[in-house]
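Thanks, everyone, for making the time this morning. I would like to walk through one model with you, starting with a pair of helices and then moving outward to the chain as a whole and to a few single residues.

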Amino acid sequence: MAEMGSKGVTAGKIASNVQKKLTRAQEKVLQKLGKADETKDEQFEQCVQNFNKQLTEGTRLQKDLRTYLASVKAMHEASKKLNECLQEVYEPDWPGRDEANKIAENNDLLWMDYHQKLVDQALLTMDTYLGQFPDIKSRIAKRGRKLVDYDSARHHYESLQTAKKKDEAKIAKAEEELIKAQKVFEEMNVDLQEELPSLWNSRVGFYVNTFQSIAGLEENFHKEMSKLNQNLNDVLVSLEKQHGSNTFTIKTQPSDNAPAKGNKSPSPPDGSPAATPEIRVNHEPEPAGGATPGATLPKSPSQSSLPAVVVETFPATVNGTVEGGSGAGRLDLPPGFMFKVQAQHDYTATDTDELQLKAGDVVLVIPFQNPEEQDEGWLMGVKESDWNQHKELEKCRGVFPENFTERVP
């Protein structure tokens, strides 16, 4: 009997919940159709908007922080592999081998310490901060349901009062249900009205603490890593001094793929690669007097133990900087004009930001708005014919491969 009674209570509760859902659904339909008024609270709705914005920002910050930590871990692994390579090539009879190995161990420990502190002082704090949102989000949704219950009870009570045939017993019961629904709603509403603004204001201190922690940890990490790198440099300088009598040459090899822009590697039709400088590293003392093109560059005091570098110079190319600004201020030339080039071969543009060139076209070279966007071997310019016709850089300018052109007066 007790079991049946328990089942009866459960069945009754289920039926009550089903009835509540039906009543709420009916009330929402009437409100959407404009046949029933809806209780509005603009201040609370603003709090909910702030809450959703705060949750979105916090979730994004958590995701980006995890990405940052994954990058630190990947960089740690790459650094470890690089040091392992150095240890393998460092022969036993070379000076400083033990010091280099110790530096590699400290490097590994420093990376691990940095990652762990980021987890402890940033990620765990981030997780705790976001941990409070699910409960509040659930309570906001529940408050919304209780508000619908309150509106439904209010409308039911009002309809009984305005009915032609009044049933006092039903009116009394409806009033009792209205008071109960109002009490439940207002209790939840008051709590959230206090908590949501407080949570919203807390984000400032949280963001400050989080980013201060990250910045401080990163600053200390780089300071300690800088010391290790300096120590490794000292070991290698010592090795260079002992084995510094050798002379060797490093020559850049012409490539069929140079110059390149993104994944594209245009070369002139004749297949002749652009001239590349030869860099010779010579440990012999440099001749007295000032350096001239093709001669050994003088060493600075801080470089007395480093190899001298011999560079054969070639005509200067542009890398996002203005060479003399010969066209500055002239109305017949585009702003920032540097020099002219003439296309020696046809070039078919493969992207919307490129110039289409025909052999013989004259191009007015101008600097990149953002020098970091310039790829090696590419220039920014506007065809002279387009400039003379339109005088509008935004419509006419584009990039083109330098090795398809020659500089002209």
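Let me begin with helix α2, residues 42-89, and helix α3, residues 97-130, which in this predicted model pack at an angle of about 170°, with their axes 10 Å apart. Since angles over 145 degrees count as roughly antiparallel, α2 and α3 are therefore roughly antiparallel to each other. If we sort the residues of that contact by class, we find 18 nonpolar, 11 polar and 6 charged residues where α2 meets α3.

Staying with α3 for a moment, I would like to look at two of its residues, N107 and D127. N107 lies in helix α3, and with a relative accessible area of 7% N107 is buried, because buried means under 20%. Which residues does N107 touch, once its neighbours within four places in sequence are left aside? They are S79, N83, M225 and L228.

D127 also has its place in helix α3, but here the relative accessible area is 28%, and D127 is partly exposed. Not counting residues up to four places away in sequence, D127 touches Q62 and R66. The C-alpha atoms of D127 and T59 are separated by 9.5 Å, although these two residues are 68 residues apart along the chain.

Now to the nonpolar cores. As general background, in soluble globular proteins nonpolar side chains tend to be buried together. The largest nonpolar core in this model has 37 residues, and the ones with the most contacts inside it are F51 and L196. The elements that give two or more residues to this core are α2, α3, α4, which covers 133-161, and α5, which covers 168-242. What surrounds L196, leaving aside neighbours within four places in sequence? L196 is in contact with F44, C47, V48, F51, I136 and I140, and F51 is thus met again here as one of the contacts of L196. There is also a second, separate core, with 24 residues, which includes W378, L379, M380 and C396.

Stepping back to the whole protein chain, we are looking at 7 helices and 8 strands. Of the 409 residues in the chain, buried residues make up 32%. If we take the contacts with a separation of 6 or more, residues 24 or more positions apart account for 71% of them. The chain exposes about 26300 Å², and carbon and sulfur atoms supply 53% of that area.

Two lysines remain on my list. The first one I will take is K173, found in helix α5; is K173 buried or exposed? At 53% relative accessibility, K173 counts as exposed, because the cut-off for exposed is over 50%. K173 and Y157 are 16 residues apart in sequence, and their C-alpha atoms are 8.8 Å apart in space.

The other lysine is K391, which sits in the loop between α6, residues 384-390, and α7, residues 393-396. K391 has a positive phi of about 55°, although it is not a glycine, so that is a backbone angle I would invite you to look at on the screen. With a relative accessible area of 41%, K391 is partly exposed.

That is where I will stop, and I am happy to take questions.

Technical notes: Residues are numbered from 1 along each chain as its sequence is written. This is a predicted model: local features need pLDDT of at least 70, side-chain atom pairs count only at pLDDT 80 or more; totals for chains, interfaces and linings use all residues. Side-chain values use heavy atoms; hydrogens and water are left out. Axes are lines fitted to C-alpha atoms, for helices over the stretch in contact, and angles run from 0 to 180 degrees between N-to-C directions. Helices (H or I, at least four residues) and strands (E, at least two) are DSSP runs, numbered from the N terminus. Angles under 35 degrees count as roughly parallel, over 145 as roughly antiparallel, 65 to 115 as roughly perpendicular and the rest as oblique. Ala, Val, Leu, Ile, Met, Phe, Trp, Tyr, Cys and Pro count as nonpolar, Asp, Glu, Lys and Arg as charged, and the others, Gly among them, as polar. Buried means under 20% relative accessible area, exposed over 50%, partly exposed in between (1.4 Å probe, protein chains only). Contact means heavy atoms within 4.5 Å. Accessible areas come from the Shrake-Rupley method with a 1.4 Å probe; for residues, only the protein chains shown count as cover. A nonpolar core is a set of buried Ala, Val, Leu, Ile, Met, Phe, Trp, Tyr and Cys residues joined through side-chain atoms within 4.5 Å.
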